[in-house]
Protein chains: 2
Amino acid sequence: MRRISEPTVRRLSLYLRFLEEHAARGIATISSDELAACGATTAAQVRKDLSLFGSFGKRGLGYAVPELAARLRDILGLERTYGVAVVGAGKVGSALVQYGGFTSRGFLVRWVYDIDPARIGHAWNGVRVSDARDMEVDFHEGGPDIVIVATPGDAAQGVADRLVRLGVKAILNFAPVHLVVPDDVVVKNVNMAIELEALSYALRHG
Amino acid sequence: MRRISEPTVRRLSLYLRFLEEHAARGIATISSDELAACGATTAAQVRKDLSLFGSFGKRGLGYAVPELAARLRDILGLERTYGVAVVGAGKVGSALVQYGGFTSRGFLVRWVYDIDPARIGHAWNGVRVSDARDMEVDFHEGGPDIVIVATPGDAAQGVADRLVRLGVKAILNFAPVHLVVPDDVVVKNVNMAIELEALSYALRHG
């Protein structure tokens, strides 16, 4: 299968959510028009996206909901669970650890780290905030699949360097800096101000 | 100017951050290679992105940092401030209100709403949490430019409908649902689980 683009992956995630809601209500088939509505795209784009992974739909009948959902879970790598660590237990880190939506998708937050003694030792959702100096020891016998970096900007690259040395291959970066990592490490950046700037752009250009 | 794509707008935001860091250090010019590194893209893509807005660079000299930064701020609609309201004062809403990065970009959180009496009346960063029933009255003489919806999923569409009636044209949606709004309203969705799924996809396909 050829590599698919980031916006396509994002739409597949949205399709999957919508399919799972339909499956929960016992709905067996869904049209590309209905799928398009969930992802704010067109039916033609839905058909194009899904054709990348083989033939799912039947003309006039639509897509079989449970089969398509299972295939999307497989494509998105969701047929397993992922251990997640959060580095930085400030406001963003705290909100993420307590966010309910991760566990249900198989992303299990098992480690939380900070360097502030006032935060170390507290427990959130049953996960204790540990001293960031302990990461190397903690991960010695198996560490996280994904690490969320939620430190201040000036600490983030140092954390990323340590994570790379520890063999971490996937980072979700909330720090407002560009992280430099080797090619075999994937970084996704989340920057709240940038999300707002996309809106200010839209307001500016009507 | 023709409409530019969402990934392009995002790259422009990253270029601007990088340019502002350089300007703060007194650096006068920057190459497309340097700009490419900040946005994790190629120099060719940088030149293509910036050519959309006219000619900025001089061959062999690079781009003039302050001029390009000013032009990007203008394009992104950042030469003014935006009043922001946050609806939903739970963990996500709380983290957003207390997030420092908005104010410095001109996004001023002036209103916070919730329906929970235990939250109403508390103040965060000097902004009092108000009763969500008061929105219509509060916005009567000028409301927010942008509203961040951080309610539970089942409340989000109702909030969006009220915002549309109040004339709000830009929504940043953190609720895990697709919001249905008229064509003249822009919605940007932030879904933390979807960000993680982009990483699980990458891990799955290595």
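## A helix, a sheet and a two-fold pair

The buried residues of helix α7(A) are covered by elements that include β4, β8 and β9 of chain A; contact here means C-beta atoms, placed from the backbone, within 7 Å. Please keep in mind that this is a predicted model: local features need pLDDT of at least 70, side-chain atom pairs count only at pLDDT 80 or more, and totals for chains, interfaces and linings use all residues. Residues are numbered from 1 along each chain as its sequence is written, while chains are lettered from A and ligands numbered from 1 in the order in which they are written.

**Helix α7 of chain A**

- Helices (H or I, at least four residues) and strands (E, at least two) are DSSP runs, numbered from the N terminus.
- Helix α7 (residues 153–165) of chain A lies across β4, β8 and β9 (170–173) of that chain, at about 170 degrees to β8(A); axes are lines fitted to C-alpha atoms, for helices over the stretch in contact, with angles from 0 to 180 degrees between N-to-C directions.
- A156(A), V159(A), A160(A) and L163(A) of α7(A) are buried, that is, 20 or more other C-beta atoms lie within 10 Å of their own (12 or fewer counts as exposed, in between as partly exposed).
- These residues span an arc of only 105 degrees around the axis, so they sit on the same side of α7(A); the arc is taken from the directions from the helix axis to the C-beta atoms.
- D154(A), G158(A) and R165(A) are exposed on the other side of α7(A).
- G167(A), just after α7(A), has a positive phi of about 90 degrees.

**The sheet of chain A**

- Seven strands form an open sheet with mixed pairing, in the order β6-β7-β5-β4-β8-β9-β10; two strands pair if DSSP finds at least two bridges between them.
- At the edges, β6 (123–124) and β10 (186–189) of chain A each have a single partner strand, so one side of each lacks a neighbour in the sheet.
- β4 (residues 82–87) and β8 (residues 146–149) of chain A pair in the parallel sense over four bridges, and V86(A) stands opposite I148(A).

**Two copies**

- Chain A can be laid on chain B with an RMSD of 0.0 Å by a turn of 180 degrees and a shift of 0.0 Å along the axis, superposing by least squares on C-alpha atoms of residues with pLDDT of at least 70 in both.
- The two copies are thus related as by a two-fold rotation axis.
- Helix α8 (residues 192–205) of chain B lies across strands of chain A, including β9(A), to which α8(B) runs at about 160 degrees.
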